[in-house]
Amino acid sequence: MGALKIGLALFCATALVNSSPLPKAETCGYASCQVPIEGMTNVHLIAHTHDDVGWLKTEDQYYYGHRNNIQLAGVQYIIDSVISELPKDPSRKFIYVETAYFRQWWDHQPQEIREKVEGLIESGQLEIISGGWAMHDEAVTHYQSIIDQFTWGFRTIDDMFNTTCARPKIGWQIDPFGHARETASMMAMMGFDGLFFARLDEADKRNRFEKKELELVWKASVNHGPSSYLFTSANHDFYYPPAGFCFDILCRDDPIIDDLYSPDYNVDARVDGFIEYIERQSSYMKTNNILVTMGTDFSYQQASYWYDNLDRLIKYVNERQTTADGKINLMYSTPSCYLKAVQNAGQTWTTKDDDFFPYASDDYSYWTGYFTSRPTLKFMERKGNNFLQICKQLSVLADLREEKWEDLASLREAMGIMQHHDAITGTEKQHVAEDYAFRLHRSMEHCHETTKNALNKLAMKVEAAENLEFRSCLYSNISQCDVSEISDRFVVTLYNPLAQAASPFVRLPVREFAYQVRDEIGAVLSNTQMIKIPTPVLTIPGRSSQATQELVFQAMDVPPLGFKSYHITRTTTPLQPPSSVNEFTIANEDIEITFDQDTNTLSSVRDIAADKIYSITQDFQFYKARAGTNLQPSTRASGAYIFRPLDHKKFPVSNSPPTLETYKGDLVNEIHQTWNEWISSVTRIYKGSKAIELEWTVGPIPVTDLQGKEVVTHMKLDGWETLGKFYTDSNGREVLERNRDLRPTWDFNPEFEPVAQNYYPITTTISLRNHAADNNNEEFVVITDRAQGGSSIENGTLELMLHRRLLFDDDKGVGEALNEEAFADGLVARGKHILLFGQTQDHPTSLYKQRQLTRDNMVLAPWVFLTPTTLAATDYQSKYNTLYSGLMKEVPPNVNLLTLEPWGGPDGDQILVRVEHFLEQSDDPELSTPAFVPIMGLIERINDNYFVRETTLGGNQWLEDNVRLEFKVEGEDEVSQQLPRPDPSEDATNITLNPMQIRTFIIQSRSGAISNFPNLISLAALLALALCRAFL
């Protein structure tokens, strides 16, 4: 028996070695780095290009080098040129970031070039950095979309290269306009070793120069502790080369001329200048390593120009090492090699636990306008994410596999591009914004084919039944939908992407007739309601609809990961829209909302059960956008990036009270307000809900007075003591405390821009807490349907910027005023906020409710599909399923099914699953505790015939294989900074989730493991691991 156990141990050791996701290589990564010279200043030259996936030109225009009259840039030529130059000298290196471009280039290459590239990666000369589909923005992106764009980038890299050398391990965020703590936390969960960025507030940067704190350890999550620590480095000069040393065909700097007989010989002068720069920069660093970026936007289109001059620079600077004062060592390097050298130095580092927002490039230029710029594109992106998750889930549930993989990939890639820091931000040229919208719309149409195929497969009872049309009403936000308006009979199918049942209210624009609604078993719903479409909505430019009212009903208990269908028939009975009533109060069983009869504005909200009245007002105001020449900081204009209000004050949108109409019914009560010719709103409460919905319509913003305007919704709570504090989410996850006119890490001068400097990105929520002695832990929350800028400029107030129309550029590169138009007029934006009052400590807390409402209503809302039909309800039910649930086991209420998607390529049967505990440790006394989730058996396809194995967050490395670099932290004992390791004894039928934890799994059928587990693990290794865990 002892001999058997020894033999089994040896077998298991071999199995564990052979279970690596990709072939191991010893020449790339840290092993390929040149060893720094002790006693010298080691200068790491980073050859790189920054290739925006759209900005001044569209993605394709940049790739192909089209429309060079706008910008001289062609990405395909950059990659061609670099791949040609690297083999000429094995010491040369290059990094590349944007997987979207690299994949586009790769698809056009012959096998010979592909093998050449893989060799360069395996030698460490070419390194993939970050690896996302694009370099994402960090202010206005949602964490689900950030994870998705990284995951698809990683998957694409794995598909291109069969080597671990291609796996990214460094974050390279050199151009986003501020940096989120949650992004750093996610990078740590991806197994990254460090993060490099370029833009931080100028005052913060000066302070860090003085204190030698450009590099630090970012404590990226209060919930994850040391496993979220991430070494973070801010570049000296953004991502540009030192002044005078840009060796690019787009630059005008002098080359290095080393011909002694040339009258232009300049080696000594050029070396002296570079050494002077290095000596100056080295005074700000804690180690004897300096990172110097050698590249800029779309550089290396003629890579030989760069490398020939960098070769000379390295040669002649290093020749000085033989002299008495020669203390500098130049070398080609990468951020990874630099990071490893810094770690080897063994320094102890300061820390940071807040974020790097807002970003100011000078005292007058706060980059807080882009938090709101292009609000309709931001909304479209949020809807795109909602639909992408549904498309992925239905692909798995219907087991489509190869049937529509390309359509799903299309939406993955369009959403990946949308996360780019000049896409969702609204900081691109107008024609580029239109291209982003076109790509996203086209890809959503592609994925509609996937959802249609999946729903037909799941719904069909009778093989002879005809395939159904499952259409989406993408114009429902302006109360327009062809199917519900035109059809005499149609079926509404609600798909619920949540892991818990949902009971949403459905609103369908219809014509002036009565309608009959039958549920999934054919029973007529007794409780439906007609509600008038607000008059200003009927005249929105571009709206093409005859609907004047909406049919409202509640879809009760739509199954998790499932659907429920309702059969709707238009009767012949004419029915005019309901009339308003002369009342100023609306209520349901939980809350009562009162409007002031003199001002026609909100005055109070009463919590009926608690008998608590909150005095609150809400209105719309605007800032006058500052015009400017941009010739100096004090003349900066408000633009796509910069928010700079004139005189730092708001103006009312009207000098008279808004008009008011009140509509009441069994399901929903509403008050419609018209504030002026271009702003209107609806305040509504649904039956059984404590949440208040505020729907707003803004535009066309008038500019005939030649004055740009930035419109906000403004709320004030009387009697609340907020102490200058308010709270915002970070990328939709952890909540950060904000303090007006304060920066936690440096002495801040608040005198220049008192409004703009206090604006923060609101991805999903902003809130106030009452710090008065008798406050009962009161909290007021506003939940957004898209990213927006927001603040608390005065105590007890919140404001959110809704829309911007500007007449001046801010001279930050885009070269256009943010003056969006549609249908020959200014753009109209329509959206909604959810308002919620509650307590921060009593279960269920307001913190839990706001996270649940955000997910259920604004991020992963049930999707409405409409099907025209000639079938009566009973005939339809005889041929098609009207109720379906894909979830086989119950999931706790504090757990979100973040990802369920096909992962094995067109012929494979892998599934990628992510589950998350969506509460923080302090959110709720009962629900902020570990949760238990049944991965095995979660859906029908995940059964005993499948293997389940955990990966890092990006799905590209087995979790147990990840080993992160660790860094010493000031004031703390050395503790492990590694990611939590999977417990070999953990039962996949009941895995544990701690607060804010996300766990990622790849699931593969045992029968397909040999042929269809690309880049991950062989069946033999899986069986070996299972055997080892069972017997050792």
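In this short talk I will go through a predicted model, taking in turn an open parallel sheet, a pair of helices, a run of antiparallel strands, and a few backbone details.

Let me begin with the parallel sheet. Three strands make up this open sheet, in the order 8-1-9, and their pairing is parallel. Strand 8, residues 289–294, and strand 9, residues 328–333, stand at the edges with a single partner strand each, so that one side of each is left without a neighbour in the sheet. On average, and ignoring direction, neighbouring strands here are turned by 25° against each other. If we look at the pairing of strand 1, residues 41–47, with strand 8, we find six bridges between these parallel strands, and within that pairing Leu-45 has Val-292 of strand 8 as its bridge partner. Helix 9, residues 267–282, packs on the sheet and touches strand 1, strand 8 and strand 9, with its direction making about 130° with that of strand 8. Helix 10, residues 303–319, also lies across strand 1, strand 8 and strand 9, and it runs at about 150° to strand 9.

Next, the helix pair. Two packed helices are described by the angle between their axes and by the distance between those axes. For helix 6, residues 143–160, and helix 7, residues 181–189, the axes come within 11 Å and cross at roughly 40°. An angle counts as oblique when it falls outside the roughly parallel, perpendicular and antiparallel ranges, with the parallel range ending at 35 degrees and the perpendicular one starting at 65, and helix 6 and helix 7 are therefore oblique to each other. The crossing of helix 6 past helix 7 is right-handed. Which residues of helix 6 and helix 7 meet? On the helix 6 side they are Tyr-143, Ile-146, Ile-147 and Phe-150, and on the helix 7 side Thr-183, Met-186 and Met-187. Sorted by class, this contact has six nonpolar residues, one polar residue and no charged ones.

I now turn to the antiparallel strands, following them along the chain from strand 21. Strand 21, residues 585–587, pairs with strand 22, residues 591–595, in the antiparallel sense over three bridges, and the two form a hairpin with three residues between them. In that pairing, the partner of Ala-587 is Glu-592 in strand 22. Strand 22 has one covered face, made of Ile-591, Ile-593 and Phe-595, and one uncovered face, made of Glu-592 and Thr-594. Strand 22 is also paired with strand 23, again antiparallel, over five bridges, and here Glu-592 stands opposite Arg-606 of strand 23. The hairpin of strand 22 and strand 23 has six residues between the strands, and Asn-600 in its turn has a positive phi of about 60°.

Strand 23, residues 602–607, is joined in turn by four bridges to strand 24, residues 612–625, in an antiparallel arrangement. Arg-606 appears again at this point, with Ile-613 as its bridge partner in strand 24. Four residues lie between the strands of this hairpin, and Asp-611 takes a positive phi near 50°. Strand 24 has further pairings: nine bridges join it to strand 30, residues 709–717, which runs antiparallel to it, and four bridges join it, also in the antiparallel sense, to strand 25, residues 645–652. As examples, Gln-621 is partnered by Val-712 in strand 30, while Tyr-623 is partnered by Lys-650 in strand 25.

Finally, some backbone details. Most residues other than glycine have a negative phi, and most peptide bonds are trans. Where, then, are the cis bond at Pro-358 and the one at Pro-700 placed? The bond between Phe-357 and Pro-358 is cis, with omega about -15°, and Pro-358 sits in the loop between strand 11 and strand 12. The bond between Gly-699 and Pro-700 is cis as well, with omega about -5°, and Pro-700 is in the loop between strand 29 and strand 30.

Two aspartates in loops also deserve a mention. Asp-399, in the loop between helix 12 and helix 13, has a positive phi of about 50°. Is Asp-399 buried, exposed or partly exposed? Its relative accessibility is 25%, and because the partly exposed class runs from 20% to 50%, Asp-399 counts as partly exposed. Asp-741, in the loop between strand 32 and strand 33, has a positive phi near 60°, and at 34% relative accessibility Asp-741 too counts as partly exposed.

How values were computed. Residues are numbered from 1 along each chain as its sequence is written. This is a predicted model: local features need pLDDT of at least 70, side-chain atom pairs count only at pLDDT 80 or more; totals for chains, interfaces and linings use all residues. Side-chain values use heavy atoms; hydrogens and water are left out. Axes are lines fitted to C-alpha atoms, for helices over the stretch in contact, and angles run from 0 to 180 degrees between N-to-C directions. Angles under 35 degrees count as roughly parallel, over 145 as roughly antiparallel, 65 to 115 as roughly perpendicular and the rest as oblique. A crossing is left-handed if the near helix is turned anticlockwise from the far one by less than a right angle, and right-handed if clockwise. Contact means heavy atoms within 4.5 Å. Ala, Val, Leu, Ile, Met, Phe, Trp, Tyr, Cys and Pro count as nonpolar, Asp, Glu, Lys and Arg as charged, and the others, Gly among them, as polar. Two strands pair if DSSP finds at least two bridges between them. Buried means under 20% relative accessible area, exposed over 50%, partly exposed in between (1.4 Å probe, protein chains only).
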